[in-house]
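Reader: I'm new to this one. Can you walk me through it?
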Amino acid sequence: MQPSFSSDGNRAALCLSSNGNSEIYLYDQNICKSVGKKIFKQLTHNQGNNVSPCLLEKNDLIYCSDFQTGNPQIYLRDAKTLEVKRITSGKGYCASPTYNSATKKLVYIRYINGFFQLCTINMDDPKYKEHQLTKTPGDKLDPTLSACGKYVAFVHNTYDEKLKKRTSQIATLNTKSNVIRTLTSSPEAKSYPCWTARNLYGSDIAV
């Protein structure tokens, strides 16, 4: 589940489970063709749940795991040195990382004062300093960055006064202006938005 593809489409990092926990594996199409069979190379080796892989440049990997603290945190695996480094504080609950190669920005969710909020880290910053993007009520879930890196699409779970119940709608955050725009309005549950290329000047969202 949860495949993340390289820019050339030849490699994918994905989650596989065989012993009760989820580990992250790399599938390289070129290697598989050369040996004539499917090969999945295991990238994580721990007893935690390792999910939400993001394949970076040079096969570096961002992923979410709870193996150190018991709560999900964000980790960076260096493909060259094989070093694994936690880039979030180790406190609280951090999950659902999404990465944009054009801006080198990482966006993920963190549980803060009763709600899941969007946070970001500049991966070019060696200190991996965290910045909180949203502070409004309602959970922000399943974030995904647009190709330009300016917009974050996510599921906004809030209480609807008209319907008298919580609803999940697809919304976008403009990271420059911090303006949230709700795109859907129907009462049906929605999840996992993703951006699809439309043309040189914009993108569509698939739900």
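Author: Cysteines come up here, then strands. This is a predicted model, where local features need pLDDT of at least 70, side-chain atom pairs count only at pLDDT 80 or more, and totals for chains, interfaces and linings use all residues. Residues are numbered from 1 along each chain as its sequence is written, and side-chain values use heavy atoms, with hydrogens and water left out.

Reader: How many disulfides does a search of the whole structure find?
Author: The search finds 0. A disulfide here is a pair of cysteine sulfur atoms within 2.5 Å. Cys-64 is in none, and the nearest cysteine sulfur, in Cys-94, is 7.8 Å away.

Reader: Why is Cys-119 without a bond to Cys-94?
Author: The two sulfurs are 7.0 Å apart, too far for a bond.

Reader: Is Cys-119 buried or exposed?
Author: Buried, with a relative accessible area of 0%. Cys-64 is buried as well, at 4%. Buried means under 20% relative accessible area (1.4 Å probe, protein chains only).

Reader: On to strands. Which way do β13 and β14 run?
Author: Antiparallel, with 5 bridges joining β13 (residues 139-145) to β14 (residues 151-160). Strands are DSSP runs of E, at least two residues, numbered from the N terminus. Two strands pair if DSSP finds at least two bridges between them. Lys-140 has His-156 in β14 as its bridge partner.

Reader: What sits in the turn of that hairpin?
Author: There are 5 residues between the strands, and Gly-149 in the turn has a positive phi of about 85°.

Reader: How many bridges link β14 and β15?
Author: 10, also antiparallel, with β15 covering residues 165-174. Val-155 stands opposite Ile-170 in β15.

Conventions:
Buried < 20%, exposed > 50% of the residue type's maximum accessible area, 1.4 Å probe, protein only. Helix = DSSP H or I, 4+ residues; strand = E, 2+ residues; numbered from the N terminus.
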